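Here is my note on this structure, in numbered points. Please keep the sequence and the 3D view open while you read.

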Amino acid sequence: MGYARKVGWVTAGLVIGAGACYCIYKLTRGRKQNKEKMAEGGSGDVDDAGDCSGARYNDWSDDDDDSNESKSIVWYPPWARIGTEAGTRARARARARATRARRAVQKRASPNSDDTILSPQELQKVLCLVEMSEKPYILEAALIALGNNAAYAFNRDIIRDLGGLPIVAKILNTRDPIVKEKALIVLNNLSVNAENQRRLKVYMNQVCDDTITSRLNSSVQLAGLRLLTNMTVTNEYQHMLANSISDFFRLFSAGNEETKLQVLKLLLNLAENPAMTRELLRAQVPSSLGSLFNKKENKEVILKLLVIFENINDNFKWEENEPTQNQCGEGSLFFFLKEFQVCADKVLGIESHHDFLVKVKVGKFMAKLAEHMFPKSQE
């Protein structure tokens, strides 16, 4: 009797292990094909969305390199320490087990099955994995699968109807940066949908706080910025970021080139909306903002920053809003633009830039700035 019970437990363990290997294999397969389906941004479109004017930034997120594909299905035990002989053997055994499991399920899988696009039933199972599992490697694989499938418009509705939005959003509370990044990628792809945006707005404050407090230039921070950029494609939820604009300018000044460009996409979405102009002008900007106008700065960074300033000038009536300076503290963007001579020195310093488009933009910006800020003095 005892022997039969042991055999039963062993059999159950093998079945569960094979099922987990199959799920992870199914989730991680097809990532390379799906990456081509995930746009890199700039379309400005939202599924079924209306209020989207101008060149808005709608950023999709991409997964990590394909070189990590095999790593996502191999779990190393805690004692498999790198650099030790025992650890080397343990890691080799773990890789071998994963390889055998992958080959086993490949033989059992139907050759005509589509492992790239999951059916609603399969998506439901993946969501159950995300909701029930506590193992980081399973969560990562499941979130990668959801992110890939959320790249398709019809799947965004399916995942929402299956209750996937709160399930994935709950993962944002994790301390694992890799899992958190994958969850942000899923929400980012799902947010390219008007109804999904309406339901995801309740998480914007949390995403905003996490993005600002995350390690500078980290993958989590960039994923959070992309999600916030998608959520600000329309004007409907931009006001929720009003108190964080100063923090975005701080990230812009301190971040690397990739972070700078991502923050600029977000700020440009806000600058397109006249209702956000006052909030932008009230924002505190670092003293180093003017120093970004130099020949060494990336051309795209300079052009986008000038476009933001131009939009603010176009949306704000300087001669009718003189009392605004009483509502803006020193160090605000308002005073940065108001100090015309200081700003002119910084901007005119790149008139000798080697790029012709930069020169044209600088001239256009200076003309608009002079026209809007000193209309009476020119009479």
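1. **Overall make-up.** Start with the fact that this is a predicted model. The protein chain has 18 helices and zero strands. It holds 379 residues, and 48% of them are buried. About 19,000 Å² of the protein chain is exposed, with 52% of that area supplied by carbon and sulfur atoms.

2. **Contacts along the chain.** Take the contacts in the protein chain with a separation of 6 or more. Of these, 74% are between residues 24 or more positions apart. Several pairs below illustrate the theme of distance in sequence and distance in space.

3. **The core.** Which residues touch the most other members of the largest nonpolar core? They are Leu 146, Phe 248 and Phe 309, in a core of 78 residues. Domain 1 (114-199) and domain 2 (235-378) each give this core at least three residues.

4. **Leu 146.** Look at this core residue by itself. Beyond its neighbours within four places in sequence, Leu 146 contacts Leu 123, Val 126, Leu 127 and Val 130. Ile 159, Val 168 and Val 186 are also in contact with Leu 146.

5. **Helix α6.** This helix spans residues 153-161. Its residues Asn 155, Arg 156, Ile 159 and Arg 160 are buried. These four sit on the same side of α6, because they cover an arc of only 140 degrees around the axis. What do the buried residues of α6 pack against? The partners are α4 (120-132), α5 (136-149), α7 (164-170), α8 (177-190) and α9 (194-200). After α6 comes Gly 163, with a positive phi near 80 degrees.

6. **The annotated repeat.** An unreviewed UniProt entry carries the annotation "repeat: ARM" for residues 163-200. In the model, this stretch is 74% helix and 0% strand. The C-alpha atoms at its ends are 12 Å apart.

7. **Leu 165.** Find this residue in helix α7. Is Leu 165 buried or exposed? Leu 165 counts as buried, because its relative accessibility is 3% and the cut-off for buried is under 20%. Leu 165 and Leu 200 are 35 residues apart along the chain, yet their C-alpha atoms are separated by 7.3 Å. Leu 200 is also one of the contacts of Leu 165, once neighbours within four places in sequence are left aside. The others on that list are Ile 159, Arg 160, Leu 187, Leu 190, Asn 196 and Arg 199.

8. **Asp 176.** This residue is in the loop between α7 and α8. Its relative accessibility is 25%, so Asp 176 counts as partly exposed. Pro 136 is 40 residues from Asp 176 along the chain. In space, the C-alpha atoms of the two are 7.6 Å apart.

9. **Asn 217.** Check the backbone here. Most residues other than glycine have a negative phi. Asn 217 is not a glycine, but its phi is positive, at about 70 degrees. The residue lies in the loop between α10 (204-213) and α11 (219-231). Asn 217 counts as partly exposed, because its relative accessibility is 26%.

10. **Glu 310.** Where does this residue lie? Glu 310 is in helix α15, residues 299-315. Glu 310 counts as buried, because its relative accessibility is 5%. Leaving out residues up to four places away in sequence, Glu 310 touches Lys 361, Lys 364, Phe 365 and Lys 368.

11. **Glu 330.** Compare the setting of this second glutamate. Glu 330 is in the loop between α15 and α16 (333-338). With 74% relative accessibility, Glu 330 counts as exposed, because the cut-off for exposed is over 50%. Not counting residues up to four places away in sequence, Glu 330 touches Gln 284 and Phe 335. Glu 330 and Ala 283 are 47 residues apart in sequence, and 10.0 Å apart from C-alpha to C-alpha.

12. **Ser 291.** Finish with the loop between α14 (277-282) and α15, where Ser 291 lies. Ser 291 counts as partly exposed, because its relative accessibility is 42%. Ser 253 is 38 residues from Ser 291 in sequence. Their C-alpha atoms are 9.5 Å apart in space.

Definitions and conventions. Residues numbered from 1 in each chain as written. Predicted model: local features only at pLDDT ≥ 70, side-chain atom pairs only at ≥ 80, totals over all residues. Heavy atoms only, no water. UniProt positions renumbered as here; feature names shortened; annotations may be inferred. Helix = DSSP H or I, 4+ residues; strand = E, 2+ residues; numbered from the N terminus. Core = buried A, V, L, I, M, F, W, Y, C linked by side-chain atoms within 4.5 Å. Buried < 20%, exposed > 50% of the residue type's maximum accessible area, 1.4 Å probe, protein only. Domains from an automatic or database assignment. Contact = heavy atoms within 4.5 Å. Areas by Shrake-Rupley, 256 points an atom, 1.4 Å probe, with all protein chains shown as cover. Arc of directions from axis to C-beta.
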